[in-house]
Amino acid sequence: MTESEFVRHIPCGNCGSSDGNSLYSDGHTFCFVCHDRTPGDNDVIHSEQMSKTVTLTGSAERLHKRGISEKTNQFYRIYRDGNTLRFPYFTSDGVLKGVKVKNKQKDFTYDGVSTDTLFAQHLFPSSGKRIVVTEGELDAASCYEAMSGWPMVSLPHGCASAKKDIQKQIPLFQGYDEIVLFFDSDDPGRKAAKEAASVLPPGKVKIARLEGYKDASDALQDGNAEAIRKAIWDAEPFRPDGIIDAKTLRDLVTTPQAPHDHEYPFKGLNEKLHGIRYGELTTFCAGSGSGKTSIIRHIATDLLNKGANVGILELEASNRRTALGLMSTAVGKNLHIGEHDKGELDTAFGNSIANWNLYCFDGFGSYDPDIIYSRIEYMACGLECKIIFLDHLSILLSGLEGDERRMIDVTMTRLRSLVERTGIALFLVSHLRRAGNDKHSHEEGGRVSLSSLRGSHSIAQISDQVVALEVDQQADVDRKLTTVRVLKNRYSGEVGVACQLSYDLNTCRFMEHETEPQFNPASDF
């Protein structure tokens, strides 16, 4: 529209197209996807030409290759003008404003000004039973050829701006009982259909799927108008991601499943929690020095000895300390205290880690949460670790800045998402908040409740199970017992004391006591 020359294709800041925008020698740009234009040196010339009245040139002719009749082209005012096809754009009240021009090389130019309307919108009423929206003008005409009389319109700027163009015409769509989005069958078309459907009136939108063809124009060229009609009649109601018809769950809910995937090494925990299941997040909590890491290692060692693939991220310990701790539990000898000769350590390694499917996180001192999330996902998906232990939550949060409660909420949500996405059983270690001055502290064996969890209620809310350890540090070593209390149990609802354990410092193992714990009226309500 000016005397400037094309320079190169560039990205469009308006619609996001990577190469649909064009730069010209006078500095102006024009995007052939969304028709956005920025001014250049010859903008005065451009303005004068734009003010001229746009006229329709050419004539309606049968498009033999496309299978579109002269009658349909006359209805839509799709005119052939030499080697070009011209698609007129009118305002909603029928005033011609611009013409999109397509040549044989499938290049598009635009005469006049762009409108906010859909192609052919002015030809149809503002209310009715059904309206069909296609990607391109020839697709709309092809649909009309197959089902004459029904409102068939198209996007003015293709699928790249589908959501934006649809939003501008919400009042129009509100007048129709059914809105069929009949976009191309490729990935961009499917994605654009979902995005556009998300902004349309709920319950009215259907998405058409055309089997065997890219779009309606291809089907009509193949003489298969029936495929177009079938796609429109069989269009499926749009449901946002995450919403499903419960009738489709038959196989999911009728396929028998075992009550658990693994057992705990403690009878009492198995009776309360009914074992370990994939897809669940279990939090172990206790006061400082109450054996959280030790019991996690005991459970992990038992699972590894049974052949499970296990991932361990001990953020507060080096891999040497983690490995020695697991080896100690496996062989029943404290190997991380004092000196041990190489032969003894080699033997212990050969009887434990050498036979295990164990993967550890080598990141001591590096607590970037994003890195830790990605490593957990890699362990789950890349290394097929179905059980992962993360010790502990406070260290993970130390890599973040901001309000602690908010950070815990975000972290627990992301961990829950990881569990759901990968199907792993995740064991999380968490600290407790300090008890008030008038209460027996958790480090002294005080009763633990869900409200004792540090920082945020989301730890309790998002976890499937919460297990607390209560240890009276003031008791004699020989009589010191760890009370294992289930605070939350989403699977069966059974809570309360599961068992009592004693820890042997020499063997690094817990031993379960059969004796039922005594009822304490001061703490057991």
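Two strands count as paired where DSSP finds at least two bridges between them, and the legends below, which describe close-up views of a predicted model, use the word in that sense.

**Figure 1. Close-up of the open sheet β5-β6-β7-β8, a set of 4 strands.** The strands follow one another in the order β5-β6-β7-β8, and their pairing is antiparallel. β5 (79-81) and β8 stand at the edges with a single partner strand each, so one side of each is left without a neighbour in the sheet. From one strand to the next, the twist averages 30 degrees. At the β5 edge, 3 bridges join β5 to β6, and these two strands run antiparallel; within this part of the model, Asp-81 stands opposite Thr-84 in β6.

**Figure 2. Close-up of strand β20 with its partners β19 and β21.** Strand β20, which spans residues 482-489, is mostly covered, with 8 of its 8 residues buried. On one hand, β20 pairs in the antiparallel sense with strand β19 (residues 465-471) over 7 bridges, and Val-467 has Val-486 in β20 as its bridge partner. On the other hand, 5 bridges join β20 to β21, again with the two strands running antiparallel, and here Arg-485 stands opposite Val-497 in β21. The connection between β20 and β21 is a hairpin with 6 residues between the strands, and Gly-493 in the turn has a positive phi of about 85 degrees.

**Figure 3. Close-up of the largest pocket, with a volume of about 1400 Å³.** This pocket is lined by 46 residues, of which Arg-66, Lys-102, Lys-106, Asp-107 and Phe-108 are the closest to its centre. Two or more lining residues come from each of the strands β1 (6-10), β2 (21-24), β6 (84-90), β7 (96-102) and β8 (108-112), and likewise from each of the helices α3 (137-146) and α7 (216-221). Divided by class, the lining of the largest pocket holds 17 charged, 15 polar and 14 nonpolar residues. Strands β6, β7 and β8, which are among these contributors, also belong to the open sheet of the first view.

**Figure 4. Close-up of the second largest pocket, which holds about 830 Å³ of space.** Its lining is made up of 32 residues, and those closest to the centre are Gly-289, Gly-291, Ser-294, Tyr-503 and Leu-505. The elements that give two or more residues to this lining are the helices α11 (292-305) and α12 (319-331) together with strand β21 (496-504), the strand that is joined to β20 by 5 bridges. By class, the lining of the second largest pocket has 15 polar, 9 nonpolar and 8 charged residues.

**Figure 5. Close-up of the largest cavity, one of 2 cavities of 30 Å³ or more found in a search of the whole structure.** The largest cavity has a volume of about 40 Å³, and its lining consists of Leu-393, Ser-394, Leu-397, Glu-404, Ile-408, Ser-430, His-431, Arg-454 and Ile-459. At least two of these lining residues are supplied by each of α15 (393-397), α16 (404-422) and β18 (425-431), and the largest share, 3 residues, comes from α15. The lining of the largest cavity divides by class into 4 nonpolar, 3 polar and 2 charged residues.

**Figure 6. Close-up of the second largest cavity, in which about 30 Å³ of space lies.** The residues that line this cavity are Tyr-264, Gly-275, Ile-276, Arg-277, Glu-280, Thr-282, Ala-425, Phe-427 and Gln-465. Their division by class gives 4 nonpolar, 3 polar and 2 charged residues.

**Figure 7. Close-up of two cysteines, Cys-385 and Cys-159, in a structure where a search finds 0 disulfides.** Cys-385 is in no disulfide, and the nearest cysteine sulfur, that of Cys-360, is 9.5 Å away, whereas a disulfide would need the two sulfur atoms to be within 2.5 Å. Cys-385 is buried, with a relative accessible area of 0%. Cys-159, by contrast, is partly exposed, with a relative accessible area of 23%; the class applies because buried means under 20% and exposed over 50%.

Key. Residues are numbered from 1 along each chain as its sequence is written. This is a predicted model: local features need pLDDT of at least 70, side-chain atom pairs count only at pLDDT 80 or more; totals for chains, interfaces and linings use all residues. Side-chain values use heavy atoms; hydrogens and water are left out. Buried means under 20% relative accessible area, exposed over 50%, partly exposed in between (1.4 Å probe, protein chains only). On a 1 Å grid over the protein atoms alone, a cavity is a set of points where a 1.4 Å probe fits but cannot get out, and a pocket is an open set with protein on both sides within 12 Å along at least five of seven lines; lining residues have an atom within 4 Å of a point. Grid points are joined across faces, edges and corners, and a volume is the space filled by probe spheres set on the points. Ala, Val, Leu, Ile, Met, Phe, Trp, Tyr, Cys and Pro count as nonpolar, Asp, Glu, Lys and Arg as charged, and the others, Gly among them, as polar. Axes are lines fitted to C-alpha atoms, for helices over the stretch in contact, and angles run from 0 to 180 degrees between N-to-C directions.
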